[in-house]
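Colleague: I have a new model open and I'd like to learn how to read it. Can you walk me through it?

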Amino acid sequence: MAYPGPPAPHQPRPAYPAAPPPAYGPPAYGPPYGPPPAYGHPGAGLVPPSPAVAPAIRIDHVQGTSFGVAYPAVPSTPSGPSIGSLVAGIASILVALFATCLGVSGAQGGWGLAAAGAFTVLGVFLGGGSVGLAMFGLRQIRRAAGPAVTITGRGMAISGIVLGSIGAGLALLALLLSFATG
């Protein structure tokens, strides 16, 4: 195969008359962003405020030295089992009331006793779980008493015991009521 040789020179294009530029004026609203920022940190020279430091609850002097032991203020933490017991106690009362409504309204149709029985079991389990969580929460609160860790929620735990017991009792009462009306 033979070498084809050098390529042919480019043909010049015909010159077309240039279109006149559009007649736009300067924008009526000014430059879009304003002047550019200066170099460096934007707030150079300004000192940020120092974060608030919680004062110590108590400072004990160590005898024989110029040192002391500071016990910082630690925010209290609510007990998770106490919150859970309160929620389960409220739920057990609501389930017991629902079981009562189903037992009484469905007694004539024959399905009220089965529905009330199923929801009674759920209400009793929720009430028992509420009491168990509350006991665990009270134990957790009692063991964590001290300056380093503060766990709160004793009132929620006691309320969980009361509401869970009432919910379980109401659920059993709903079952007895559905037996009586059915």
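Colleague: Let's talk contacts. For pairs with a separation of 6 or more, what share comes from residues 24 or more positions apart?

Modeller: In this predicted model, such residues account for 70% of the contacts in the protein chain with a separation of 6 or more.

Colleague: And which elements are there, and in what order do they run?

Modeller: The protein chain has three helices and four strands. Starting at the N terminus, they run β-β-β-α-α-β-α.

Colleague: What part of the chain is buried?

Modeller: Of the 182 residues, 21% are buried. As for the outside, the chain exposes about 13600 Å², and carbon and sulfur atoms supply 71% of that.

Colleague: Say I want to check a helix for length. How far apart should the ends of H1 be?

Modeller: Use the rise of 1.5 Å a residue: the 26 residues of H1 should span 38 Å, and the end C-alpha atoms are 37 Å apart, so the two agree. Try H3 next: with 28 residues, it reaches 40 Å from first C-alpha to last, close to the 40 Å expected.

Colleague: How do I read which residues of a helix point the same way?

Modeller: The general idea is that an α-helix has 3.6 residues a turn, so residues three or four places apart point the same way. Now look at what is buried in H3: Ala-157, Gly-160, Gly-164, Gly-167, Ala-168, Ala-171, Ala-174 and Ser-178.

Colleague: What do those buried residues pack against?

Modeller: The buried residues of H3 pack against H1 and against helix H2, which covers 112-143. H1 has its own buried set, including Ser-85, Ala-88, Ser-92, Ala-96, Ala-99 and Gly-103. What covers the buried residues of H1 includes H2 and H3.

Colleague: Now the outside. Which residues make the nonpolar surface patch?

Modeller: The patch is about 980 Å² and is made by Ile-90, Leu-94, Leu-97, Leu-113, Ile-158, Val-162, Ile-166, Leu-170, Leu-173, Leu-176 and Phe-179. Helices H1 (80-105) and H3 (154-181) are the elements that give two or more residues to it.

Colleague: Which element gives the most?

Modeller: H3 does, with seven residues.

Colleague: Pick one for me. Is Leu-173 buried or exposed?

Modeller: Leu-173 lies in helix H3. The cut-off for exposed is over 50% relative accessible area, and Leu-173 has 52%, so Leu-173 counts as exposed.

Technical notes. Residues are numbered from 1 along each chain as its sequence is written. This is a predicted model: local features need pLDDT of at least 70, side-chain atom pairs count only at pLDDT 80 or more; totals for chains, interfaces and linings use all residues. Side-chain values use heavy atoms; hydrogens and water are left out. Patches are made of residues with over 30% relative accessible area and no salt bridge: like charges are joined within 9 Å, nonpolar side chains (Val, Leu, Ile, Met, Phe, Trp, Tyr) within 5 Å. Accessible areas come from the Shrake-Rupley method with a 1.4 Å probe; for residues, only the protein chains shown count as cover. A salt bridge is a side-chain nitrogen of Lys or Arg within 4 Å of a carboxyl oxygen of Asp or Glu. Buried means under 20% relative accessible area, exposed over 50%, partly exposed in between (1.4 Å probe, protein chains only). Contact means heavy atoms within 4.5 Å. The expected span of a helix is 1.5 Å times one less than its number of residues.
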